[in-house]
Amino acid sequence: YTMTSLLGSFVGLAFNMGTNPVAIAGLVPLVAAGLAFIRYWNYDPETHPANVDRVLTEYDFIIVGAGSAGAVVASRLSEISNWTVLLLEAGGDENEISDIPSMSGYVQMSEMDWMYQTSPPGDSPYCLAMIGDRCNWPRGKVLGGSSVLNAMIYARGNKYDYDKWASDGNTGWSYEEVLPYFLKSEDNRNPYLSKTKYHKEGGFLTVQESPWKTPLSIAFLQAGQQMGYTVRDCNGEKQTGFMITQTTIRRGTRCSTAKAFLRPVRNRPNLHIAMYAQATKVLINDHSKRAYGVKFVRNGREQMVRARREVVLSAGAIGSPQLLMLSGVGPKEHLEEFGIKVLSDLKVGHNLQDHVGLGGLTFIIDQPFSFTRKRYQTVPVVMEYLLRESGPLTSPGIEGLAFVNTQYAPKHGEWPDIQYHFGSGSINSDPDNIKKITGLRDSVFNTVYKPLIDSETWSLLPLLLRPKSRGWIRLRSKNPFIYPDINPNYFTHREDILTLIAGIRIALNISDTPAFQRFNSRPHKMPFPGCRQYEFDTDEYWECSLRHFTFTIYHPTSTAKMGPSTDPDAVVDPRLRVYGIKNLRVIDASIMPTIVNGNTNAPVIMIGEKGADIIKEDWMSIRKLMNV
């Protein structure tokens, strides 16, 4: 609706009513209500952004991908009113289902998901419990990207991550230098956190603990203390310890980067958002090696748009390297296989890293405290959510986090190598949906988890924080609509397996603490069909389990590595400019030299914030030079 159309309707009605003053007067309250609604629609900061009908022929900046980084970059660059910004997004907008925190699993494998899969493994087996030996890799195809599909966990990583980036030659990326960008985004609504120097109120991105938890979350914290760990803010001074999960939730609903960064600025005339527009190529001049535009497909029609200043790729750790390679930026020999002209020979798609761990590690208890579908997807629970923005549906499913040290971690104890995601349920809690999103084989589910259908359970997901194994993204075709070869190459480094086995044993110790023993907690010991030959809790048993129920919470990074010019593996410099190509940057998880120590959404938002500032600084410095 627009003001003009509403007034036109009013005039039409009045005309049809002739000169009857009573009838016309009766329309006044209706029109007043309509005008109030339109005013609210136009200025409510949470109204959805408009999908621009017609893309202009040229903008100052073109940003590809409206995900965790791209939404931030578009919002920040459009703060400069005389810069025009086009944000291209292959998917559509969020909806009421994606807004519900506990429904994140139902958004995966939907039209909002790219529905990527890993390629079948080679010499190092993984994902053997999944159909076709392939793990699903959900990635957001929607405004907000994977911040619409994820479990909303807000974890920043460890200060040693960023200091290592800086010491490797990435000037400007130390912890002291990136912390202000975490704070810039944040609107923390837990007073005990927001009053510390590590958090802030008033930013675009709402961060808070979920308003609803099971009693098991308290047991999780108590278990950590009983094992000698501190219950602390793991986003604060130190990371090692246990905490209630901090999440990107606002008033009981998901706070994606689209909701946080795009909705409040949706009326800026210099920002256009084009949905259902899939970029297929960055246009680069062969001679000047300058990026000057983007080809994209929308409504079945190929279009082109030009960039006066820059093209920014924020398509994620799969999409950005694929688009770079399709555009002639990547490994020379690989691109030549597909007849793609090489414009810059760089190790695009190399260095793929991900947090991997053991899925389905389940513990049984006797009390009715588990978060299960049949218990909480009920009419009273739904009404509590709709009317009060509270209750079980506000739970992200992961109620607690812990960061612990195995014997393979640095001896100072401040750079943990295992992260736990604590859930007050397991595979049996919502079996049909979990089978769907994990791709678990029927034979595995029926053998291992179906016997638990009526059981009370909880689970821990032990994740390897700093994998030594490296994978790759490679083209399978020069057709942009054919998904690339995704090979995470899990477990090719022996220490990755050994570290995870040590982490699994610490998880068993958590179950053995008095905090969980008051619920008579015990591990579910049914082996996977391919692991029956090994005795429970031997190294061989756990390695076999890891290679079967290989689990990731989808943190692919590092496929367009940031590094100094002396780094032969670097794709972008510390200013995020692609080597060898002018006016082209990558701003997303691809640029991480090494994966961060924790969930990647908050660090990617930080990268978006810092990347936008870098662009502003670079163009402002050019302007100053021109005025000298």
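## A salt bridge at R189

R189 is partly exposed, because its relative accessible area of 39% falls between the 20% and 50% limits. Its salt-bridge partner is D187, and the closest N and O atoms of the two are 3.1 Å apart. D187 is buried, with a relative accessible area of 11%. The bridge thus pairs a partly exposed arginine with a buried aspartate. The model is predicted, and every value here is computed from it.

## Salt bridges across the chain

The model holds 37 salt bridges. One of them joins R250 to E46, with the closest N and O atoms 2.9 Å apart. This pair links distant parts of the chain, 204 residues apart. R250 is in strand β9 (residues 249-250). E46 is in the loop between α2 (21-43) and β1 (58-64). Both R250 and E46 are buried.

R585 bridges to D618, and here the closest N and O atoms are 3.0 Å apart. Again the pair links distant parts of the chain: R585 belongs to strand β26 (residues 584-586), D618 to helix α20 (residues 601-627), and 33 residues separate them. R585 has 3% relative accessibility, so it counts as buried. D618 counts as buried too, at 13%. Salt bridges that share partners also build a network, made of R76, E79, K184, E609, D613 and K616.

## An enclosed helix

One member of that network, R76, is also among the buried residues of helix α3. The helix covers residues 70-77, and 8 of its 8 residues are buried, so α3 is largely enclosed by the rest of the structure. Its buried residues are G70, A71, V72, V73, A74, S75, R76 and L77.

## Aromatic pairs

The model has 30 aromatic pairs. In one, the ring centres of W114 and Y116 are 5.9 Å apart and the planes meet at 10 degrees, so the pair is stacked. The cut-off for stacking is under 30 degrees. Both partners are buried: W114 has a relative accessible area of 16%, and Y116 has 4% relative accessibility.

F422 and W458 form a tilted pair, with 5.7 Å centre to centre and 50 degrees between the planes. F422 lies in strand β20 (residues 418-423) and W458 in strand β21 (residues 456-464), so the contact ties together parts that are 36 residues apart in sequence. Both residues are buried. They also belong to a cluster linked by ring pairs, which contains F220, Y229, F242, F363, F422, W458 and F516.

## Charges over rings

Two arginines place their charged ends over tryptophan rings. For R466, the ring is that of W415, and the charged end sits 4.3 Å from its centre. For R474, the ring is that of W472, and the distance to the centre is 4.0 Å.

## A nonpolar patch and the loop after α14

V379, V382, M383, L386 and L387 make a nonpolar surface patch of about 490 Å². L386 is found in helix α14 (residues 379-388). At 56% relative accessibility, L386 counts as exposed, since the limit is over 50%. How can a helix bring such spaced positions together on one side? An α-helix has 3.6 residues a turn, so residues three or four places apart point the same way.

T394 is found in the loop between α14 and β19 (398-404). Unlike exposed L386, T394 is buried, with a relative accessible area of 0%. T394 and G172 are 222 residues apart in sequence, and their C-alpha atoms are 37 Å apart in space.

## An annotated domain feature

An unreviewed UniProt entry places the feature "domain: Glucose-methanol-choline oxidoreductase N-terminal" at residues 140-163 and 316-330. Over residues 140-163 the chain is 21% helix and 0% strand, and the end C-alpha atoms lie 30 Å apart. Residues 316-330 are 73% helix and 13% strand, with the end C-alpha atoms 16 Å apart.

Conventions. Residues are numbered from 1 along each chain as its sequence is written. This is a predicted model: local features need pLDDT of at least 70, side-chain atom pairs count only at pLDDT 80 or more; totals for chains, interfaces and linings use all residues. Side-chain values use heavy atoms; hydrogens and water are left out. Rings of Phe, Tyr and Trp (its six-membered ring) pair if their centres lie within 6.5 Å; planes under 30 degrees apart count as stacked, over 60 as edge-to-face and the rest as tilted. Buried means under 20% relative accessible area, exposed over 50%, partly exposed in between (1.4 Å probe, protein chains only). Helices (H or I, at least four residues) and strands (E, at least two) are DSSP runs, numbered from the N terminus. A charge sits over a ring if NZ of Lys or CZ of Arg is within 6 Å of the ring centre and within 35 degrees of the ring normal. Patches are made of residues with over 30% relative accessible area and no salt bridge: like charges are joined within 9 Å, nonpolar side chains (Val, Leu, Ile, Met, Phe, Trp, Tyr) within 5 Å. Accessible areas come from the Shrake-Rupley method with a 1.4 Å probe; for residues, only the protein chains shown count as cover. A salt bridge is a side-chain nitrogen of Lys or Arg within 4 Å of a carboxyl oxygen of Asp or Glu. UniProt positions are given in the numbering used here, feature names are shortened, and annotations may be inferred rather than shown by experiment.
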